[in-house]
Amino acid sequence: MPPIYDPSNPSGPHERRRAFRLLFFCLMATGIGNSMLFAILPPLARDLGVAEAWVGAIYTTSALLFLFMSPVWGALSDRYGRRPLIMFGLSCFALSTLIFAAAAWAGESGLAPPLIAIFAMAVSRTLFGALGSATNPAAQAYVADRTSPAERTEALAGLTAAFGMGAILGPALAAAFVERIGVAPFMIAIAVIVGSSAVAVRVMLPEKTPPKQQSRPINPIRQFAFALDKRLAPFVIYGAGFWIIQASSLTVIGFFLMNRLDLTPEQGLQFSGVALMAGAGALIFAQLVVIPALKASPRVLMGLGAGMAALGNIEMLFAANYAAIVFGYIMLSFGFGLARSGFTGGSSLAVSPEEQGRAAGVTTATAGLGFAIAPVSALYLFQTFGDIVPYMANAILSVVLVALAFFHPRIRSASEVAQVTPEPRSPV
């Protein structure tokens, strides 16, 4: 029989550290699997002779299902526990990566026409969006279960930094190994790593949070209604806006570099890999170094993050060389590191312990909304109006988010909760 859940002392310090390290590794592995696509897909699409819009369609297809299913998986983790959902999401991610590898191999080898290969890649990302999306909300809720309000923003920053560290390694590994071994073998190796993470969670992750007995049905409509809860709504709006900015910049950066610097697809892979790695490094620095040092409230992190993103996007408008483009992308990514930890921590602080899974699912779904809207819209602006137009739109949206962070009363009230000193914990 599982122990009674006690929010003031959910687990011992040693057990929590071990569990959080394991989750860090798992999310880093999924971050590698995700971020490598932003380095691989633009050159692969040009090599296959496929228009940029089809790349946007792959991102959007996955993102729509990620958007609809993340709240469901978060609520299911409240009902059935965190560990089963984390394992399930990792396993489905590994399977989707294997399917993508097969599609890329078929397209490159000429066994399938380019559009058929792209369609198969979209199917694989659909599998990830629908089922692989279970991992993030369950992992976020796992951490929230085991931290006090004063600790939570920093703890969740460490967790989201894992995905960012994967975002560093993904493009770097892609740039280093794809030309040597090919796209398909590289992606198979990533699938093996992610699948091994699922096994490690089953064997090593302690699960002491008893499932919550709930009578309400689990369906996307009911879970999305939770996003309109007045406690969560400003964080959801802010998160969706920032994910649109982030998804737009990730989608466009490879094509932007090839246009501005007149690069070949092979050069585009190398240059975009370095830029993505630099941006991910800035995100990690923000989450693992700056946030623990600042001890700032979610409101401050959200305001500073949006301000830095505005500056980064403005820099991209005037960037005249590769160094300037990378610098602008670093500022944008640094701002995202601050902002993501701010709205994730703020939304967790705004709800009760029994609602952590639902809140995590809703805030995770903002990533799906961003990637549902941004890839197609950003690439449309890029192709139709010019390569700097997506960054102009991002800069304007960033300024709007600065105002939301500093002036919305609900964001202010969650920040006040974060400053409450936790009561002493008894040792376990």
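M36 is buried, with a relative accessible area of 0%. The structure is a predicted model, and this briefing covers the surroundings of M36, the aromatic pairs and one charge placed over a ring. M36 belongs to helix α1, which spans residues 13-48.

**Surroundings of M36**

- Leaving aside residues up to four places away in sequence, M36 is in contact with T97, G170, P171, A174, F186, M187 and I190.
- M36 counts as buried because its relative accessible area of 0% falls under the 20% cut-off.
- L276 lies 240 residues from M36 along the chain, and the C-alpha atoms of M36 and L276 are 9.3 Å apart.

**Aromatic pairs**

- The model contains eleven aromatic pairs.
- One of the pairs joins W243 and F336 in an edge-to-face arrangement, with a centre-to-centre distance of 4.8 Å and an angle of 75° between the planes.
- This pair connects distant parts of the chain, since W243 is in helix α9 (residues 233-261) and F336 is in helix α12 (residues 322-349), with the two positions 93 residues apart in numbering.
- Both W243 and F336 are buried.
- W243 and F336 also belong to a cluster linked by ring pairs, together with Y238, F242 and F343.

**Charge over a ring**

- R146 is positioned over the face of Y142, at a distance of 3.7 Å from the ring centre.

Notes
Residues numbered from 1 in each chain as written. Predicted model: local features only at pLDDT ≥ 70, side-chain atom pairs only at ≥ 80, totals over all residues. Heavy atoms only, no water. Phe/Tyr/Trp six-rings, centres within 6.5 Å; stacked < 30°, edge-to-face > 60°. Helix = DSSP H or I, 4+ residues; strand = E, 2+ residues; numbered from the N terminus. Buried < 20%, exposed > 50% of the residue type's maximum accessible area, 1.4 Å probe, protein only. Lys NZ or Arg CZ within 6 Å of the ring centre and 35° of its normal. Contact = heavy atoms within 4.5 Å.
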